[in-house]
Amino acid sequence: MKIQSAKVIVTCPGRNFVTLKLITDQGVYGIGDATLNGRELAVVAYLEEHVIPCLIGMDPRRIEDIWQYFYRGAYWRRGPVTMSAIAAVDTALWDIKAKMAGMPLYDLLGGKSREGVMVYGHANGVDLAETVDEVGRYIDMGYKAIRAQSGVPGLKDAYGVGRGKMYYEPADAALPSLTIWDTHKYLSFVPKLFERLREVYGFEPHLLHDGHHRMTPLEAAGLGKALEPYRLFWLEDATPAENQEAFRLIRQHTTTPLAVGEVFNTIWDCKDLIQNQLIDYIRCTVVRAGGITHLRRIADLAALYQIKTGSHGATDLSPVTMGAALHFDSWVPNFGIQEYMRHTPETDAVFPHAYSFAQGLLYPGETPGHGVDLDEAEAAKYPYKPAYLPVARLEDGTMWNW
Ligand code: KDG
Ligand code: MG
């Protein structure tokens with residue numbers, strides 16, 4: 001069996017997605033997501049110029065060997081461009097293998113460990129009152145877990161506050177738009193939001209919050225402590241994690257559970273965080289961290305330390321990543337939660353998929369493979385449009401983390 005041809009499809013049904021399609025000499029094909037928000041065409045070039053020429057003629061059944069070939073063989077390891085490209089190949093190969101076996105991917109991975117995958121949705125509002133209402137709307141839709149992000153008094157922009165409801169999409173400008181940030185204002189406000197949410201909705205719904213890399217370790221430690229009475233499911237990306245050791249300081253001061261990993265590409269990025277038990281949830285996902293093959297290694301390492309998974313699932317990860325992640329989540333023994341930001345109806349039409357939502361859980365479906373396809377005619381209706389994530393500066397002009 002051989003990989004006969006491959007193509008990279010770029011489509012923008014509201015936002016850009018990059019998809020790799022691998023076609024075998026036996027007619028079976030597999031699909032992988034290669035979307036890297038704001039840097040999409042770098043991955044397209046990586047795949048077209050440097051990966052596909054090597055892939056043609058390879059045996060698609062040799063998933064592990066192909067993974068090693070592109071990881072070790074490139075000599076230049078890691079990084080989001082390389083690892084997103086490897087992830088796309090890996091996801092497409094698992095899709096092919098599961099289709100050949102006539103099994104949904106979760107079966108090939110070892111079978112279901114649970115009936116459904118608990119997801120968290122995104123509630124956000126321009127101010128405290130609107131955010132509280134939005135959380136209520138998610139509870140009404142059946143969500144058991146909800147991330148709450150809110151506009152902050154005195155700040156024009158805050159991370160996570162969308163311009164529309166349901167389809168939050170920050171990459172919305174042809175060049176990065178400028179947002180202004182002030183951690184002091186943010187820190188005074190966030191505990192009030194969660195105090196109010198617990199007053200209104202009690203302690204049953206799981207509540208989550210994303211710090212989006214903006215605090216120092218000490219600021220994050222203080223916030224974690226202030227949020228303890230409201231028993232968050234997690235505080236995410238409390239501080240940048242390039243220095244994994246930074247989480248030790250946060251950990252020493254608070255029992256608020258910590259989640260990190262959406263920007264990680266390999267097991268090396270989270271090895272110290274995991275082995276020192278500095279976090280509670282590891283948020284690596286299929287497309288960003290080298291596909292199913294590598295994500296499985298990260299989850300297994302995390303399991304040794306009672307750390308659970310909580311895969312990134314923002315709208316910039318295509319339905320292909322969501323489908324593959326749901327099969328992974330259905331199998332992985334140390335599953336924690338899955339992020340789920342709904343895609344637009346246009347995106348769903350480009351990517352017909354077997355997964356479905358009911359009562360706060362997602363189900364991967366029973367279609368052989370990962371259950372997500374790409375309608376090429378539909379995709380062709382939406383050509384690539386440059387779109388960048390915003391950048392952030394402090395009020396005095398200093399560049400900060402968006
Ligand atoms: O492309 C960046 C988004 O994926 C990121 O900002 C979303 O932080 C995010 C999250 O938790 O979903
Ligand atoms: Mg996040």
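The following exchange covers the metal site, the cysteines and one sheet of a predicted model.

In this predicted model local features need pLDDT of at least 70 and side-chain atom pairs count only at pLDDT 80 or more, while totals for chains, interfaces and linings use all residues. Residues are numbered from 1 along each chain as its sequence is written, chains are lettered from A and ligands numbered from 1 in the order in which they are written, and side-chain values use heavy atoms, with hydrogens and water left out.

User: What makes D210, E236 and E262 donors of the magnesium ion (ligand 2)?

Analyst: Donors are N, O and S atoms within 2.8 Å of the metal (3.2 Å for Na, K and Ca); water is not among the atoms, so sites may look incomplete. D210 (OD), E236 (OE) and E262 (OE) coordinate the ion at 2.0 to 2.2 Å, so they count as donors. Along the chain their spacing is D-x25-E-x25-E.

User: What does the pair D210 and E262 tie together?

Analyst: D210 is in strand β7 (residues 206-210) and E262 in the loop between β9 (258-260) and α9 (271-275), so the pair ties together parts 52 residues apart in sequence. Helices (H or I, at least four residues) and strands (E, at least two) are DSSP runs, numbered from the N terminus.

User: Why is C270 called buried?

Analyst: Buried means under 20% relative accessible area, exposed over 50%, partly exposed in between (1.4 Å probe, protein chains only). C270 has 0% relative accessibility, so C270 counts as buried.

User: How do you know that C270 is in no disulfide?

Analyst: A disulfide is a pair of cysteine sulfur atoms within 2.5 Å. The nearest cysteine sulfur to C270, that of C284, is 4.4 Å away. The whole structure holds zero disulfides.

User: Why is one side of β6 left without a neighbour in the sheet?

Analyst: Two strands pair if DSSP finds at least two bridges between them. The open sheet has the order β6-β15-β16. β6 (178-181) stands at an edge with a single partner strand, so one side is left without a neighbour.
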